Amino acid sequence: MKKPFDCAVIGTGAMGSAALFHATRRGWSVLGLDRFPAGHDRGSSHGQTRIIRQAYFEHPDYVPLALEAYRWWAELEKASGEHLFEQCGLLQVGRPDGPIIGGIRKSADCHGLQLHSFSFAELQSQFPMFLFDSNTVGLFEPVAGYLHVEQCVKTMVALAKRAGAHVFDDVSVRGWELNQDGIWEIDTDGGEYLTRRLIVTVGAWAPEFLADIGCNLQVLAKHQHWFQTGQPNLTLAKRCPVYFFETEQGFFYGFPDFDGNGIKVAEHSGKTPVADPLNLDRSLDSHDLERVSRFVFQHLDAPQATHCGHSVCMYTMSPDEHFVVDTIDPAGTLAVACGFSGHGFKFAPVIGKALVELVEGKRREEMEFLRINRFKISTPAA
């Protein structure tokens, strides 16, 4: 019989690569399995950049996790020598009584975070690269910025390999089951693997592989667009921040041009369901481009902007748009992370660490709000 690994990770994207990294720090024998190589463009972790921020409008409970994530990204930069994080600040704009501004203020007040507040008139003066609706205000978070997404994943996988992890990126997993000896048997198109602990982080494939966990997950296609603007004020060199706008048409976000290939802009809201993530339609969606282009012309000082690039990624949405991070077997040796709902990447090193802790039998009190049992409705006693 083959000797089982101490820990196996299925899916080596953002969360899986982080789990690999942390598992190897335990001195364990570690296995990573994926059908695509690290930093690929077939899932949710590609497209150059992802926002990283602390003042979390989605829920104040994310803030301690975000603060820890900042420390881990710095540690990963130090360990690898790679430049992963660009601190250029984040400007978030919306109605004073809207969900974005209200949620940010709540998180900042709960955790004493540094923010700068701007009225409509002050926004016009301080941020001439943008155009603002008169009924909006802004909050600027100076410690926010963006992560170089593909390089982050590649770096965590590389560090795990350097520490001895066995990572295979051309293997399709068909399923897994626990044998009578308490060992997980993983069935793949490349043979069977054995492991004492199992972590599953399969992103957009979670509805297929984790259909019975008691959480209805939905996969959405999300288009990312690049525009050449010819406007120096929209470049990183001129200190253009990352931005997130609440508008009457929806929520939109964007990044400065940092490499000469244009600004990146996308819509965070909206729904385009995906039935089969392996065969995702990656063609340009004219309706999506029209909506994003309208945002660019209405809210950026870029009257000559021209579309120059496009890619498609996927959001895996949970019913409440909060993450699922938990064990799903009685013994607690199978942990899953899914449902990141379009705002998970920044937390990857923290989620990876938590997953390793879960299969060790340890739970974090500050992550109890992400457990799967929140979706189970109890029936009152008669």
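**Exercise 1. The eight-stranded sheet**

Task: Find the open sheet formed by eight strands, and work out in which order the strands lie and which of them form the edges.

Solution: In this predicted model, the eight strands follow the order E6-E7-E5-E15-E16-E17-E14-E18, and their pairing is mixed. The edges are strand E6 (116–118) and strand E18 (306–317), each of which pairs on one side only. From one strand to the next, the twist averages 20°. Turning to the edge at E18, one finds that this strand runs antiparallel to strand E14 (residues 218–228) and is joined to it by 11 bridges; within this pairing, Gln218 has Met317 of E18 as its bridge partner.

**Exercise 2. Helices lying across that sheet**

Task: Determine which strands helix H3 lies across, and then do likewise for helix H7.

Solution: Helix H3 (residues 99–111) lies across strand E5 (90–94), E6, strand E7 (137–141), strand E15 (242–247) and strand E16 (250–255), and its direction makes an angle of about 130° with E5. Helix H7 (residues 286–299) lies across E14, E15, E16, strand E17 (263–267) and E18, running at about 50° to E14.

**Exercise 3. A cysteine in strand E18**

Task: Decide whether Cys313 is buried or exposed, and list the residues that it touches beyond four places away in sequence.

Solution: Begin with the location, which is strand E18. The relative accessibility of Cys313 is 3%, and because buried means under 20%, Cys313 counts as buried. Its contacts, leaving out residues up to four places away in sequence, are Gly43, Ser44, His46, Arg50, Leu220, Ala221, Lys222 and Gln224. Finally, compare positions along the chain with positions in space: Cys313 and Asp41 are 272 residues apart along the chain, yet 7.5 Å separates their C-alpha atoms.

**Exercise 4. The six-stranded sheet and helix H8**

Task: Give the strand order of the open sheet of six strands, and say which strands helix H8 lies across.

Solution: The order is E9-E2-E1-E13-E20-E19, again with mixed pairing. Strand E9 (166–168) and strand E19 (324–327) are the edge strands, each pairing on one side only. Neighbouring strands are turned against each other by 10° on average, with direction ignored. E19 and E20 run antiparallel and are joined by four bridges, and Thr327 stands opposite Ala335 in E20. Helix H8 lies across strand E13 (198–200), E19 and E20, at about 155° to E20.

**Exercise 5. The loop histidine**

Task: Locate His343 and identify its contacts beyond four places away in sequence.

Solution: His343 sits in the loop between strand E20 (334–338) and helix H8 (348–359). With a relative accessibility of 5%, His343 counts as buried. Leaving out residues up to four places away in sequence, His343 touches Arg53, Tyr56, Glu58, Tyr62, Glu321 and Phe323.

**Exercise 6. Helix H1 and the nonpolar cores**

Task: Explain why helix H1 can be called largely enclosed, and then name the residues that touch the most other members of the largest nonpolar core.

Solution: Of the 12 residues of H1, 11 are buried, so the helix is largely enclosed by the rest of the structure. Helix H1 (residues 14–25) reaches 17 Å from its first C-alpha to its last, close to the expected 16 Å, and is followed by Gly27, whose phi is positive, near 80°. In the largest nonpolar core, which has 75 residues, Trp73, Ile199, Val325 and Ile351 touch the most other members. Another core, of 34 residues, lies apart from this one and includes Trp184, Ala204, Leu210 and Val324.

Terms used
Residues numbered from 1 in each chain as written. Predicted model: local features only at pLDDT ≥ 70, side-chain atom pairs only at ≥ 80, totals over all residues. Heavy atoms only, no water. Helix = DSSP H or I, 4+ residues; strand = E, 2+ residues; numbered from the N terminus. Expected span 1.5 Å × (residues − 1). Buried < 20%, exposed > 50% of the residue type's maximum accessible area, 1.4 Å probe, protein only. Pairing = 2+ DSSP bridges. Axes fitted to C-alpha atoms, helices over the stretch in contact; angles between N-to-C directions. Contact = heavy atoms within 4.5 Å. Core = buried A, V, L, I, M, F, W, Y, C linked by side-chain atoms within 4.5 Å.
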